Amino acid sequence: MSKEAIKSHEELEAYQMAFDAAMKIFESSKKFPVEEKYSLTDQIRRSDARRLANASLSRSVCANLAEAWRKRRYEAAFVAKLNDSEAEAAETQTWLKFAVKCNYLDVETGRELYGTYNRVLAILVSIIHNPSPWLIKR
């Protein structure tokens, strides 16, 4: 899909994959043990579904992609938000590994979600290395 065909950040493949994965993480984390309610469950949910109102928390992959999309007039701002999204995706992968290792998430689901974030990361890195086709020309 070419840049011209995309009218909204919600049409971006990386956004769609990250959004679907975030929802799967949210649903899966509901099954985590009660003792993890405020630690691992909170971290894994927040790393990919953070509330934007809480400035002390990092923003999610999807939220940063949405912000990046709106900052396409300025290459540095666009790339910075994409970098934030990349960092959030990597953080989410780390929490997924913990969830699998602690037997809170089955290996198959963990691998599926981890792989999704690998694909998201590949797209983000590709855009970061060549942002100019995505920028809004003045």
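**Exercise 1. A charged pair within one helix**

Asp84 and Lys81 form a salt bridge, with 3.2 Å between the closest N and O atoms. This is a predicted model. Work out where the two partners sit and how far apart they are in sequence.

*Solution.*
Step 1. Check the distance. A salt bridge needs a Lys or Arg side-chain nitrogen within 4 Å of an Asp or Glu carboxyl oxygen. The Asp84–Lys81 pair comes in at 3.2 Å.
Step 2. Place the residues. Both Asp84 and Lys81 belong to helix 4.
Step 3. Count the spacing. They are 3 residues apart, about one turn of the helix.
Step 4. Add the exposure of Asp84. Its relative accessible area is 34%, so Asp84 is partly exposed.

**Exercise 2. From a pair to a network**

Find the other salt-bridge partner of Lys81, and state which residues form the network.

*Solution.*
Step 1. Look for a second acid. Lys81 also forms a salt bridge with Glu67, where the closest N and O atoms are 3.5 Å apart.
Step 2. Locate both ends. Lys81 is in helix 4 and Glu67 is in helix 3, so this bridge ties together parts 14 residues apart in sequence.
Step 3. Classify the two residues. The cut-off for buried is under 20% relative accessible area. Lys81, at 9%, is therefore buried. Glu67, at 21%, is partly exposed.
Step 4. Join the pieces. Glu67, Lys81 and Asp84 make up a network of salt bridges.

**Exercise 3. A link between distant parts of the chain**

How many salt bridges does a search of the whole structure find? Then describe the one that involves Lys24.

*Solution.*
Step 1. Take the total. The search finds 3 salt bridges.
Step 2. Identify the partner. Lys24 pairs with Glu112, and their closest N and O atoms lie 2.9 Å apart.
Step 3. Trace the separation. Lys24 is in helix 1 and Glu112 is in helix 5, 88 residues apart, so the pair links distant parts of the chain.
Step 4. Check exposure. Lys24 has 29% relative accessibility and counts as partly exposed. Glu112, at 40%, also counts as partly exposed.
Step 5. Recall the principle. Side chains of opposite charge can pair when their charged atoms come close.

**Exercise 4. How the helices pack**

State the secondary structure of the chain. Then decide whether helix 1 and helix 3 run roughly parallel or antiparallel, and do the like for helix 4 and helix 5.

*Solution.*
Step 1. List the elements. The chain has 5 helices and 0 strands, in the order α-α-α-α-α.
Step 2. Take helix 1 and helix 3 (residues 61-70). Their axes are 9 Å apart and the packing angle is about 155°.
Step 3. Apply the cut-off. Angles over 145 degrees count as roughly antiparallel. Helix 1 and helix 3 are therefore roughly antiparallel. Their crossing is left-handed.
Step 4. Take helix 4 (residues 75-101) and helix 5 (residues 107-129). Their axes come within 9 Å and cross at roughly 165°.
Step 5. Apply the cut-off again. Helix 4 and helix 5 are therefore roughly antiparallel. Helix 4 passes helix 5 in a left-handed crossing.

**Exercise 5. Surface and interior**

Which residues make the nonpolar surface patch of about 260 Å²? What share of the chain is buried?

*Solution.*
Step 1. Name the patch. Phe19, Met23 and Phe26 make it.
Step 2. Place one member. Phe26 lies in helix 1, which spans residues 13-29.
Step 3. Check its exposure. Phe26 has a relative accessible area of 30% and is partly exposed.
Step 4. Turn to the interior. Of the 138 residues in the chain, 44% are buried.

Methods. Residues are numbered from 1 along each chain as its sequence is written. This is a predicted model: local features need pLDDT of at least 70, side-chain atom pairs count only at pLDDT 80 or more; totals for chains, interfaces and linings use all residues. Side-chain values use heavy atoms; hydrogens and water are left out. Patches are made of residues with over 30% relative accessible area and no salt bridge: like charges are joined within 9 Å, nonpolar side chains (Val, Leu, Ile, Met, Phe, Trp, Tyr) within 5 Å. Accessible areas come from the Shrake-Rupley method with a 1.4 Å probe; for residues, only the protein chains shown count as cover. Helices (H or I, at least four residues) and strands (E, at least two) are DSSP runs, numbered from the N terminus. Buried means under 20% relative accessible area, exposed over 50%, partly exposed in between (1.4 Å probe, protein chains only). Axes are lines fitted to C-alpha atoms, for helices over the stretch in contact, and angles run from 0 to 180 degrees between N-to-C directions. Angles under 35 degrees count as roughly parallel, over 145 as roughly antiparallel, 65 to 115 as roughly perpendicular and the rest as oblique. A crossing is left-handed if the near helix is turned anticlockwise from the far one by less than a right angle, and right-handed if clockwise.
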